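Biologist: I would like a close look at one part of this model, namely the strands and how they pair, followed by whatever else can be said about the parts beyond them. Please take me through it step by step.

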Amino acid sequence: MPDHAEHGRELSASFIPADIESVLYSKWLSAEYFTANAASTKEPFTIVLPPPNVTGVLHIGHALDQTLQDCLSRMKRMKGFEVLWLPGMDHAGIATQNVVEKQLASQGKTRHDLGREAFLAKVWEWKAESGGAILDQMKRLGSGVDWSRERFTMDEVMSNAVGSIFKKMYDADLIYRAERIINWCTRCLTALSDIEVEHSDDEGEFVQIRYGEGDQSIVVATTRAETMLGDGAVAVHPDDPRYKHLIGTEVLLPLVNRMIPIIADELVEQDFGTGAVKVTAAHDPNDFEMAMRHNVPFVVIMNEHGVMDGTGTEFDGMDRFAARIAVVAKLKEMGRIVAEKRPYIHAVGHCSRCDTTVEPRLSKQWFVKVAPLAQASGDAVRNGSVKIEPVSLEPRYFEWVDKMHDWCISRQLWWGHRIPVWYGPQGEVVVVGPGEKAPDGWVQDPDVLDTWFSSGLWAFSTLGWPEKTADLAKFYPTSVLVTGYDILFFWVVRMMMMSTFAMDGVPPFKTIMLHGLVRDQFGKKMSKSRGNSIDPIEFLDKYGADALRFTLARGANPGADQALAEDWIGGSRNFATKLWNASRFAMLNGAHVNGELPAFSSLSPIDRWILTRLNETIIEADQLFESYEFSRACELIYHFAWDDLCDWYLELSKEVFASNEKAASQRVLGHVLDQLMRLLHPVMPFVTEELWCTLTGGESLVISSWPTSRPDQIDVEAKRIVTSLQEVVTEVRRFRNDQGIKPSQKIPGRFSGNPDVLSSASALRFLLKLEDKDFTPSATLDIAGAKIELDLTGSIDVVAERARLEKDLATALKDQKTAEVKLGNEGFMAKAPADVVVEIRERLEKTTSEIERIQAALAALS
RNA sequence: GGACGAUUGGCUCAGCGGUAGAGCACCACAUUGACAUUGUGGGGGUCACUGGUUCGAUCCCAGUAUCGUCCA
C-alpha cells in the first residue's frame, strides 16, 4: 500500500478566514459555477434575489436572507439541479431621489433648477459612482449568484416589461385614473401607497367642538381640528337616539359661518367620541366615502405643502399644525370647545421615507384595481399551487390579500418609470406601449410609477419577459422565494398579483419561504434610535463569512425572529476552527479518500459507529434542509461534527492511528470528512471548500455531489457498543476527577467483563491514560457490565467517592420509584401503549440493577 | 378596536402526550503535540398562572395575566 500523503497543500496550523475567502470566491467566479445554463437538460431550480435598494448597504437582515438562499441554491446544485440564483437591485424611487436631492441641496440647488432630464442624468451618474455598494458586500458573504444575469429595475429590459404590463393591465381594465383620497407626503410632494405609510402611536389631541346654536347644535370630536374649515356635513349613526331628531337638518359651521347638513351613516361609531363626526370629504378617506354616498361637497382647504389655503379665513397661509392650535384657540374664545384631551395617543401615518406626517389629500392619481388580482393571488395559496412556509403565516397572507384596497401607483417624482400615458389636445388618453409612439403634440403624464410596480414584476421581467426567452421558458416559475415576513405584504403579494396576471395564471414561485427578523442579543428590534444595530461587515472582518453565516442559519427557525449576539458568532468561528483543526489532524494521520471504502462488516465497531452516525446525520439533515429547518439542520451537523466526530471518534481512534492497524480507519475517516464537508458546504462554503479540496484533491465542492445516505451502513449493534465505551470513559473520567487525579497523570488500570469493552481496551486505555501493567487495584468500578480496576497509588478519597455514589443513588432511586408508580397504576397498565409499558419496565430493571451496583460500591467503601 | 404569536435554566431559543434540551454565560481541574478560537468534570429549570381532558400534561382544550408583531 502506498502511503496516502495529503493532496495539494498542507493546511496551515491555524485557520484565518481572510486568507482563503476572497481567493475562493474568485475561483468560483472564474470557473463560472454560478452561471446558469438555460439549455441544460437538468431540472431547474430558481431563486430570484429580493432586490436590495440601489442606495442600500448590506445589513444583517440581508445577510440572513442571502445565507438561506445561498444555502438552498448550493445544496440544489450539488443535488444535480440547474440552479439560477438571479441578483439585482431596485431603483428605489423616493429613496434614491432623496439621496441625490440632498446632494443638490448641499449646493443650494433643487431638482427644479436642473430640470427633469439633467436631474435624471445626475441620478444615473450617482448610481454609477456610489450605487450598488451592497453587491461587493454580497461577495464577501459568499453569495453564489449568477452575476452574468444581474438586473436593475430601471434597465432597458426591465423598463420594457413595465411598459408592456402597464398596457396589458390598462387594456384589461385593471388600471384606471381617478380622483381619490390618497396618502400625501407634504415634504416629498408625492402620493404614497398604503404600504409606504407607517403608523405609529403619537401624542396628539382630541377636542370636542360644538357646531350650531341652541337646540340646533351638535358636538363633534376630532384629532385634526384644523380640518373643520373644510367640513361639508356632520354624520351620526342612523339609530342613535341622541341625534335622530337632527338628521336632515342643518347646523352652523363656526369660523367659516356656513350651514352644513347632519347626515346619517352606518359608518359612524356611536360609542366613539360623541357619536357625531365631522365630515371633511377632501381630507379623510372615511369622510370621502360618506361624502360620496350623501353628496357632500368636497372642500379643499390645504395646498400640497400642507399649508392652509382657500378657506377664506384668517388661517390661510398657516401650516397645518400651526392652524390646528390657532383654530382650537379661536374656538375656545368663542366658547365652542366642550372638552379637550391632551395628550391623546392615537395612530398617525408617517411617510416611510422621511417620517413626515402623512396628509390624506384629494388628488387625481392612477390606480390598480386589485380585487381580481388579489383574488387570484389568494386562490393560488388556497388551492395549494403556492405553498407558504411556515404554514402558520398563511393567515397573515390571507388577511392582507382578502381586504386589499386599490393600489395608488402614480408618484409625483422624477426618478422611476414614467407613466406611459399620453394626453391629446382634446383630453384624449392613450397608453403608449414599448416601441409605439404617441401622436405629435400629445403630452406624456409627468408622473412615474410606484417602485413596487416594477419590483412586482421581478420574478419574470428579470428573465426577459415579454420576449419569449430561453431563460423564461427554463426558469419560470421560480422554485422558492426566500424573504422576511415583514415584506410579505409589500412585495410578495404584489409579485403574486402581477406575475399571475402576466404569466397567464402561473404564480411566480412554488414556495414562499418566510424567515424572521434579526434582533439584538436581548431579542429587541434593531434600530438606529436604540443604537443596537450591528454591521455585518464588521463581523465578516472579525470572524469570517462562514462564522456569520453559520450563526444566522443556526438561528433561523421558520418564520421566527432571531436574536444575534457577537459571542455567538465567535462560537461559530470556533466551530470553523474546530473543523479546520480536526481535518488537519486527520490528514496528518493519513485520512484519505482513495479507493473503495473497506467492506462495512470488516470494520471495527468504532469505524462502523461513526459511519452509522454519519448516515443518520445525512438522512436527517437532508430532510431538515428540504423543509427549510435551517436551525435544526445546523444544530444536527454541529453536534455530529463536534461531539461524535471530534470528541468521540477521533479520541477513540488515536490509539489505532498510532498503531499499524490504521489503514481501514484512515479511509473511513477520509470518507466521513469528505461527506461532512459536502453536508456543511451550503452553510459554510469557504472553510469546507478549502478543507475538502485539500483532503480529496477535488476541483470544488460547489460542483461536487450532495451526500447520499447508505442504509446498509447503519449498524445498531455498533451504536450499542460505542454507547458502552462512552459510559466507561465518562465514568472513569468522573472518578478520576472526583479523586483529584490530574488528566495528564497516568495510572495503572485494567478491564474485564463485557467483551465489547474488552475489545476496545487499548483504545480506552489510551484515552483514559491508563497504564497496562501489573498492580494491586485500590479501586474497582462497575460500568456497563465491565469491571475496571485502577491503582490510585494509595488510598482513595472515600469522602468524595461516597458523595458521588450517594448522589447517583438518589437519582437512581427517584427514577426507580417513578417507574414503579407507573407500573403499579392500573389505569396505566390497562391503557398505555404496549411499547411504553415495555420501556418503563426496562427502565425499572435498569435502575434496579444500577441501585444494586451503587449499593455494592458503597458497601465496598466502608 | 381586529388578528396572530409568545411566555421553558442567568441570556437567547429548541423541543415534546410517557424520567426536561442546546448555544452562550457560570464553577472546578488541566497547558509532554489536532485544537486554550481547547479539553474534562460539574452546578442550575415545580416548562407564566388557574381550571379541564387523559392512565399520564411542559406539550391538548378553556380562561387569566404579561409581552410582542401586524393591521385599523
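Modeller: What follows begins with strand pairing and then turns to a helix, the cysteines and a pocket. Please keep in mind throughout that this is a predicted model.

Strand β5, which covers residues 175-185, is a good place to begin, and it is mostly covered, with eight of its eleven residues buried. Its pairing with strand β14 (residues 359-368) is antiparallel and runs over ten bridges. Within that pairing, Asn183 has Pro360 of β14 as its bridge partner, while Ile181 is matched with Leu362 of β14. Strand β14 is likewise mostly covered, since eight of its ten residues are buried.

Each of these two strands has a further partner. On the β5 side, three bridges join β5 to strand β6 (residues 190-192), again in the antiparallel sense, and Cys185 stands opposite Thr190 in β6. The hairpin of β5 and β6 has four residues between the strands, and in it Leu189 takes a positive phi near 55°. On the β14 side, strand β16 (residues 407-408) pairs with β14 in the antiparallel sense over two bridges, and the bridge partner of Val368 in β16 is Trp407.

A separate description belongs to an open sheet of three strands, whose order is β19-β18-β20 and whose pairing is antiparallel. Because β19 (429-431) and β20 (443-444) stand at the edges with a single partner strand each, one side of each is left without a neighbour in the sheet. Strand β18 (residues 421-423) is joined to β20 by two bridges, and in this pairing Tyr423 has Val443 of β20 as its bridge partner.

Turning from strands to a helix, α15 (residues 488-502) has 15 residues and reaches 20 Å from its first C-alpha to its last, which is close to the 21 Å expected at 1.5 Å a residue. Of the 15 residues of α15, 13 are buried, so the helix is largely enclosed by the rest of the structure. Just after α15, Asp504 takes a positive phi of about 55°.

The cysteines can be considered next. With a disulfide taken as a pair of cysteine sulfur atoms within 2.5 Å, the count comes to zero. Cys71 is in no disulfide, and the nearest cysteine sulfur, that of Cys634, is 6.6 Å away; Cys71 is itself buried, with a relative accessible area of 2%. The sulfur of Cys646 also has Cys634 as its closest cysteine, but at 16 Å, which is too far for a bond. Cys646 is buried as well, its relative accessible area being 7%.

Finally, there is the second largest pocket, in which about 610 Å³ of space lies. Its lining is made up of 18 residues, and those that lie nearest the centre of the pocket are Glu727, Ala784, Lys846, Glu850 and Arg853. Four elements, α23 (716-738), β28 (779-783), α26 (798-823) and α28 (834-861), each supply at least two residues of this lining, and α28 gives the most, with six residues. Sorted by class, the lining of this pocket has nine charged, five polar and four nonpolar residues.

Terms used:
Residues numbered from 1 in each chain as written. Chains lettered and ligands numbered in written order. Predicted model: local features only at pLDDT ≥ 70, side-chain atom pairs only at ≥ 80, totals over all residues. Heavy atoms only, no water. 1 Å grid on protein atoms, 1.4 Å probe; cavity = no way out; pocket = protein on both sides within 12 Å on 5 of 7 lines; lining within 4 Å. Points joined across faces, edges and corners; volume = space filled by probe spheres on them. Nonpolar A, V, L, I, M, F, W, Y, C, P; charged D, E, K, R; others polar. Expected span 1.5 Å × (residues − 1). Buried < 20%, exposed > 50% of the residue type's maximum accessible area, 1.4 Å probe, protein only. Pairing = 2+ DSSP bridges.
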